[in-house]
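Work through the following exercises with the sequence and the structure at hand. Each task is followed by a solution in steps.

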Amino acid sequence: MAIIDIRQPVNMLDLGFHYGAISSYDSRQITVTAGEMRTRYQGHFSYDDYNVYGQLTGITQTRGGATVFSVTGLYLDAYEFAWMLDDEDAGGILSAVLAGADRISGSAGHDTLVGLAGNDTVLGNGGNDLIDGGRGSDLMQGGAGNDRYVVDTTLDRVVEAAGGGIDLVTSWVDHRLGLHVEHLTLAGAAVEGIGNALANRITGTAGNNVLGGGFGADTLIGGMGNDLYRVDATDVILEAAGAGIDTVETAASHTLAIPLEHLRLVGTAAIDGTGNGGNNAIWGNAAANTLRGQAGHDVLNGNGGNDVLIGGAGNDQLTGGAGADRFVFAAGRDVVTDFQDGVDVIVIDRAALGVASAAQVIAACAEQNGDVLLTLGGHALIVRDTTIDAFRDSFLLQ
């Protein structure tokens with residue numbers, strides 16, 4: 001287990017292990033110097049004409065006499081380490097140093113901190129840090145500053161304090177933001193990104209994502225793919241035209257923003273769902289909902305409850321589900337799929353359709369293949385599996 005204490009801002013991917021020439025060595029240390037930079041390798045060493053043997057137990061690097069970082073807790077083969085030094089293999093040296101479950105403590109400045117293998121603890125302390133625990137189940141804590149974290153396993157933990165800057169997690173796996181972390185970006189094969197009680201900004205991948213802001217006024221960005229957004233009344237969804245077939249799921253009344261396609265109401269409250277100018281599919285919940293398709297060719301499904309379904313302009317399909325439902329006809333060519341005689345009501349928008357009387361409506365009806373077809377002013381309503389007599393008893397003008 002390496003314990004790394006960083007005193008001056010560093011990028012751990014370029015710690016300068018391989019820079020300089022050997023300026024001194026003995027049985028306890030090997031010192032490499034390059035200008036003001038001095039790296040001292042501590043341990044127990046022996047030598048022959050070509051090689052060094054023994055164990056490396058610590059490293060200290062200074063610049064102008066001030067410590068840049070120190071490493072303790074090592075027990076590495078000095079022979080292999082010397083060959084990596086001779087080959088200027090900084091990556092190999094870093095991998096050897098960070099092979100176990102390490103504890104890394106950053107400086108007060110802006111650091112790039114990496115854990116590589118093992119279950120690491122990485123502490124950013126001050127500054128705007130980039131923290132990547134690497135492989136393993138890592139604990140990453142940025143401290144003050146606007147920190148960026150890389151998460152690559154569901155067992156990684158990101159810990160932030162209240163007021164500890166504006167922080168971003170880039171996750172290669174499904175991830176739920178911990179307390180006091182503001183933003184999340186999914187990467188690779190990650191599918192689900194969930195926020196917390198803050199105002200989060202959550203960005204998906206080019207695939208099919210599930211994004212939910214949690215509490216707070218969140219911004220959700222799905223990108224390409226068929227995305228599912230779980231939102232509350234204060235959330236904002238940003239989607240580009242043509243970026244998949246997307247669904248919004250909500251327990252609050254909601255109007256679909258352009259260019260979103262589908263809306264699903266959840267929960268038990270009597271809430272409403274409204275479409276946009278596109279072709280929308282809207283599902284209600286088990287309570288009493290008002291569903292409005294607006295323009296476009298829409299599919300409305302009330303599910304349970306006493307629902308009001310308003311197709312709007314376009315050729316719409318209206319399904320009330322269980323309950324006493326009201327189907328409002330005003331334009332287009334609509335189809336009511338599950339009319340229940342004596343339970344449901346057909347509402348005719350007299351102003352939109354230019355209807356003067358109920359008799360005019362009945363005169364415009366015809367039975368066709370077990371359905372009723374109502375034609376008014378170039379608009380048509382088909383009511384499945386009913387008769388004109390049942391229709392006459394179950395419509396009203398509005």
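**Starting point**

Arg 148 has Leu 168 in S15 as its bridge partner. The exercises begin from this pair. The model is predicted, so local features need pLDDT of at least 70 and side-chain atom pairs count only at pLDDT 80 or more, while totals for chains, interfaces and linings use all residues. Residues are numbered from 1 along each chain as its sequence is written, and side-chain values use heavy atoms, with hydrogens and water left out.

**Exercise 1. Find the strands on either side of S15 and follow the pairing onward.**

Step 1. Helices (H or I, at least four residues) and strands (E, at least two) are DSSP runs, numbered from the N terminus. Two strands pair if DSSP finds at least two bridges between them.

Step 2. Strand S13 (residues 148–151) pairs with strand S15 (residues 168–171) in the parallel sense, over four bridges.

Step 3. S15 also pairs with S17 over four bridges, again in the parallel sense. Here Thr 170 stands opposite Thr 185 in S17.

Step 4. S17 is joined to strand S19 (residues 201–203) by three bridges, and the two run parallel. The bridge partner of Thr 185 in S19 is Thr 203.

**Exercise 2. Place these strands in their sheet and name the edges.**

Step 1. The sheet is open and has eight strands in the order S9-S11-S13-S15-S17-S19-S21-S23, with parallel pairing.

Step 2. Strand S9 (112–114) and strand S23 (236–238) each have a single partner strand, so one side of each is without a neighbour in the sheet and they stand at the edges.

Step 3. On average, and ignoring direction, neighbouring strands of this sheet are turned by 15 degrees against each other.

**Exercise 3. Sort the residues of S17 by face.**

Step 1. In a regular strand the side chains alternate between the two faces of the sheet.

Step 2. In strand S17 (residues 183–186), the covered face holds Leu 184 and Leu 186. The uncovered face holds His 183 and Thr 185.

**Exercise 4. Describe how H1 and H2 lie against each other.**

Step 1. The axes of H1 and helix H2 (residues 90–97) come within 8 Å and cross at roughly 150 degrees. Axes are lines fitted to C-alpha atoms, for helices over the stretch in contact, and angles run from 0 to 180 degrees between N-to-C directions.

Step 2. This crossing makes H1 roughly antiparallel to H2; the term applies to angles over 145 degrees.

Step 3. Contact means heavy atoms within 4.5 Å. H1 contributes Phe 81, Met 84 and Leu 85, and H2 contributes Gly 92, Ile 93, Ala 96 and Val 97.

Step 4. By class, six of these residues are nonpolar, one is polar and none is charged. In this scheme Ala, Val, Leu, Ile, Met, Phe, Trp, Tyr, Cys and Pro count as nonpolar, Asp, Glu, Lys and Arg as charged, and the others, Gly among them, as polar.

**Exercise 5. Which residues of H2 are buried, and what do they pack against?**

Step 1. Buried means under 20% relative accessible area, exposed over 50%, and partly exposed in between (1.4 Å probe, protein chains only).

Step 2. The buried residues of H2 are Ala 90, Gly 92, Ile 93, Leu 94 and Val 97.

Step 3. They pack against several elements, including strand S1 (3–6), strand S5 (52–63), H1 and S9.

Step 4. Apart from neighbours within four places in sequence, Val 97 is in contact with residues including Ala 2, Phe 81 and Asp 102.

**Exercise 6. Is Asp 102 buried or exposed, and what does it touch?**

Step 1. Asp 102 lies in the loop between H2 and strand S8 (103–105).

Step 2. Asp 102 is buried, with a relative accessible area of 2%.

Step 3. Not counting residues up to four places away in sequence, Asp 102 touches Met 1, Ala 2, Val 97, Gly 115, Ala 117, Asn 119, Asp 120 and Thr 121.

Step 4. The C-alpha atoms of Asp 102 and Val 122 are separated by 8.0 Å, and the two residues are 20 apart along the chain.

**Exercise 7. Look at the backbone of Leu 116, Asn 125 and Pro 259.**

Step 1. Most residues other than glycine have a negative phi, and most peptide bonds are trans.

Step 2. Leu 116, in the loop between S9 and strand S10 (121–123), has a positive phi of about 55 degrees. Leu 116 is partly exposed, at 23% relative accessible area.

Step 3. Asn 125, in the loop between S10 and strand S11 (130–132), has a positive phi near 60 degrees. Asn 125 is partly exposed, at 34%.

Step 4. The peptide bond from Ile 258 to Pro 259 is cis, with omega near 10 degrees.

How values were computed
Parallel < 35°, antiparallel > 145°, perpendicular 65-115°, else oblique.
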